[in-house]
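Open the structure in your viewer and keep the selection box handy. We will go stop by stop.

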Amino acid sequence: MSEQQGASQFHSVHLHEDMCKGCTICVTGCPAEAIRVRNGKAHILEERCIDCGECIRHCPNKAKYSLTADLDDLKPYSLRAALITPSIYGQFNVHYSKQQIHDAFKLLGFTDVYDVSEDALKISRATSYLLSHGKNLPKPLISSSCPTVIKLIEVRFPSLLDNILPLLPPVELTARRARRELEAKSGPSEKVGVFLISPCSAKITVARSPVGYDFTDMDGAFSFATLYLPLITELRKMRSDEKKDVSDIAEELKALNIGAAAPEVSDWYTDAPDGLAWGRESGESEYAAHFLDHPEKFNWITSCGIQQVIETLESIEDGQLGAYDFVELDACPGGCINGPLLIKTSSEGLAVMRNRLRNRRVQAADFAARELPEKERPRSAEEAQNKSSPGRKGDRELAATLAAEDASQDRADAASPMLTDLIDEPAPDIAALSFTRQITPRPARLLSDDFATARKMMQNMEDIVEQLPGLDCGSCGAPNCRALAEDIVRHQATLEDCVTIMKSRYEELLFGNNHTTGGGNGTGGTH
Amino acid sequence: MTYAYDVSGDDFSKAGTASQDIKKKLQQLGLPVAVIKRTAIAMFEAEINMVIHAHGGKASVDIGEDKIIIVMEDHGPGIPDIELAMQPGYSTASAEARDLGWGAGMGLPNMKRNSDFMHIDSTVGVGTKVTMEIKTQDV
């Protein structure tokens with residue numbers, strides 16, 4: 001993987017320099033304020049980037065892209081596994097069966113195809129086990145499945161590292177399963193390559209730089225976007241080659257305007273994968289609820305989309321969501337089905353997923369609410385998002401929250417818990433899913449290690465903010481005036497990078513002091 | 001280093017903005033995570049109290065060498081019996097506020113719990129001034 005050598009440990013987002021116009025749309029849209037336009041090109045501040053892919057999504061010039069493996073990278077391996085995340089299944093119309101999708105991957109050069117959904121269910125089972133058997137559980141536990149969320153916590157919410165669920169992400173579980181199985185059947189000289197098919201840049205990064213565990217069994221990761229065309233080509237060929245089935249007939253009839261009834265979905269698709277709903281908002285929580293003995297007592301929240309995730313994390317940090325057991329956070333709106341490297345819109349991805357799930361005996365969406373009286377149903381995402389009920393509940397719940405808070409404050413400052421902090425003797429199958437190292441803060445916001453220096457810098461920043469116009473126009477290449485002030489005290493920018501200040505300096509030079517416009521309100525000089 | 005904020009009394013959605021800004025500043029200064037967390041909770045609760053009971057007010061936060069001093073001052077109804085108000089579960093919040101999920105009577109106890117020193121100065125009909133101090137050295 002030539003391109004991935006020397007790649008950042010923090011992110012997989014790269015820039016086609018020639019396509020970047022230096023427009024600052026990515027700068028002002030970056031939730032981590034991690035991009036600056038310098039010398040006319042957008043640069044990422046490594047240590048601040050949380051790999052959310054918002055810049056890939058929003059760049060009008062398509063100059064941002066994710067690192068990806070390419071099919072040539074498969075060549076050194078005699079056994080080549082493709083790991084398919086649940087969200088990927090939503091990218092193909094429901095009339096393509098799971099088997100056909102897997103076959104299409106094989107036609108591209110993979111020898112074996114693994115469905116991540118199955119391993120996602122193992123994580124759900126472990127989560128529910130921990131929820132019912134854990135001790136001093138932080139409230140709420142924060143799902144660790146979205147790498148961008150973990151990075152956001154490292155950078156911006158270090159006090160919430162305490163709350164991270166110390167379980168491996170499903171993709172890593174699948175990678176380990178794939179390697180184990182393929183190595184067992186491979187010959188001595190055969191090499192096994194394990195590749196993730198990823199909906200986002202964040203998962204591409206964890207395929208080389210794991211967070212919370214020491215090694216990864218992945219050899220690389222493909223951006224789904226780069227494989228879509230060859231895959232859909234293979235699938236279409238398959239469909240035109242195969243024997244006519246009920247759906248083909250129906251389509252032909254429809255084309256002839258004979259108007260036959262559409263076939264049942266079950267006729268089109270009979271092998272819906274389990275765990276598939278992990279790919280969409282709330283799926284992870286619903287499966288965790290499914291495995292609980294008392295799902296009616298399980299109190300969970302889902303937040304999707306990076307801004308909403310940030311609001312929820314702020315709220316947890318302010319001590320407002322302690323009545324909840326579990327928080328599922330997905331950086332992408334709607335969940336992984338809206339990953340920045342996917343092709344279909346999240347709405348269509350969701351519809352396809354719904355259709356694929358429809359055929360199952362028990363619908364995933366019904367897991368959480370199954371057989372419960374209306375009023376005892378676990379709180380839905382809608383309710384959690386409703387700002388007018390901020391989750392401040394009765395005394396008893398609060399007392400439990402306070403106890404959990406105290407317990408979490410007793411632990412070492414600012415590091416995620418290990419599984420053994422949360423459960424006395426985890427069963428072996430649960431322990432195997434555990435994180436193996438703590439996640440620690442990434443102090444990207446820190447001005448200086450020395451408190452006195454940091455204070456001085458902050459004071460300078462305030463003085464500089466006073467001089468800046470406060471327009472947050474982004475023309476200087478920083479996302480807002482305050483960020484420019486911070487860049488200046490960090491010696492990464494100068495006051496003259498501000499166009500408004502520059503303009504008044506020019507006017508001073510051209511017309512003398514009497515004609516200046518002062519602090520830069522941009523009204524232009526008098527003549 | 002002192003920062004002053006106006007806490008809006010009528011816009012509930014803005015409650016918490018002052019404590020969020022302070023949280024960011026404390027991170028930039030590199031203060032221990034536990035200190036940031038306690039400050040955030042203490043200040044957030046105080047902000048909410050101001051919105052629910054006193055139609056807003058003023059917050060000032062002084063970040064010093066060894067402690068953070070938070071002063072929250074309002075011209076609300078005042079607290080007739082501070083000792084009673086400090087009891088967990090005691091609340092005078094309106095039915096309206098309770099409908100919104102507030103008024104569990106944990107605000108003041110929570111503020112006290114998360115600060116190293118707290119003093120309430122209140123006169124009925126005049127207003128309330130709450131002073132909280134949080135040590136910046138990790139304990």
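Start with A:Asp51, in the loop between strand E3 and helix H2 (54-58) of chain A. Keep in mind that this is a predicted model. Phi of A:Asp51 is positive, near 65 degrees, and the residue is not a glycine. Is A:Asp51 buried or exposed? A:Asp51 has 29 C-beta neighbours inside 10 Å, so it counts as buried.

Now select A:Asn39. This residue lies in the loop between strand E2 (35-38) and strand E3 (41-44) of chain A. Its phi is also positive, near 50 degrees, in a residue other than glycine. A:Asn39 is exposed, because just 7 other C-beta atoms lie within 10 Å, and a residue with 12 or fewer counts as exposed.

Next, pick A:Lys139 and A:Pro140. A cis peptide bond joins them, with omega about -5 degrees. A:Pro140 sits in the loop between helix H5 (116-133) and strand E7 (141-142) of chain A.

Move on to a helix pair. Show H20 (451-467) of chain A and H21 (481-489) of chain A. Their axes are 9 Å apart, at an angle of about 135 degrees. The two helices are therefore oblique to each other. Their crossing is right-handed. To see where they meet, select A:Met457, A:Asn460, A:Met461, A:Ile464 and A:Val465 in H20(A). Across from them, H21(A) offers A:Cys481, A:Arg482, A:Ala485, A:Glu486, A:Ile488 and A:Val489.

Stay in chain A and select A:Leu484. Beyond its neighbours within four places in sequence, A:Leu484 contacts A:Leu468, A:Cys476, A:Ala478, A:Ala493, A:Asp497 and A:Cys498. A:Leu484 is also among the residues with the most contacts inside the largest nonpolar core, which has 169 residues. The others named there are A:Ala81, A:Leu83 and A:Phe195. Which helix gives the most to this core? H2(B) does, with 13 residues.

Switch to chain B and show helix H1, residues 17-28. At 1.5 Å a residue, its twelve residues should span 16 Å; the end C-alpha atoms are 17 Å apart, which agrees. Among its buried residues are B:Ala18, B:Ile22 and B:Leu26. The buried residues pack against H13 (306-317) and H20 of chain A, and against E1 (2-7), H2 (33-54) and E2 (57-63) of chain B. After the helix comes B:Gly30, with a positive phi near 80 degrees.

Finish at B:Gly57, in strand E2 of chain B. B:Gly57 counts as buried, because 25 C-beta neighbours lie inside 10 Å. B:Gly57 and B:Gly9 are 48 residues apart along the chain, yet their C-alpha atoms are separated by 7.1 Å.

Technical notes. Residues numbered from 1 in each chain as written. Chains lettered and ligands numbered in written order. Predicted model: local features only at pLDDT ≥ 70, side-chain atom pairs only at ≥ 80, totals over all residues. Helix = DSSP H or I, 4+ residues; strand = E, 2+ residues; numbered from the N terminus. Expected span 1.5 Å × (residues − 1). Buried ≥ 20, exposed ≤ 12 C-beta atoms within 10 Å, placed from the backbone. Contact = placed C-beta atoms within 7 Å. Core = buried A, V, L, I, M, F, W, Y, C linked by C-beta atoms within 7 Å. Axes fitted to C-alpha atoms, helices over the stretch in contact; angles between N-to-C directions. Parallel < 35°, antiparallel > 145°, perpendicular 65-115°, else oblique. Left-handed = near helix turned anticlockwise from the far one by under 90°.
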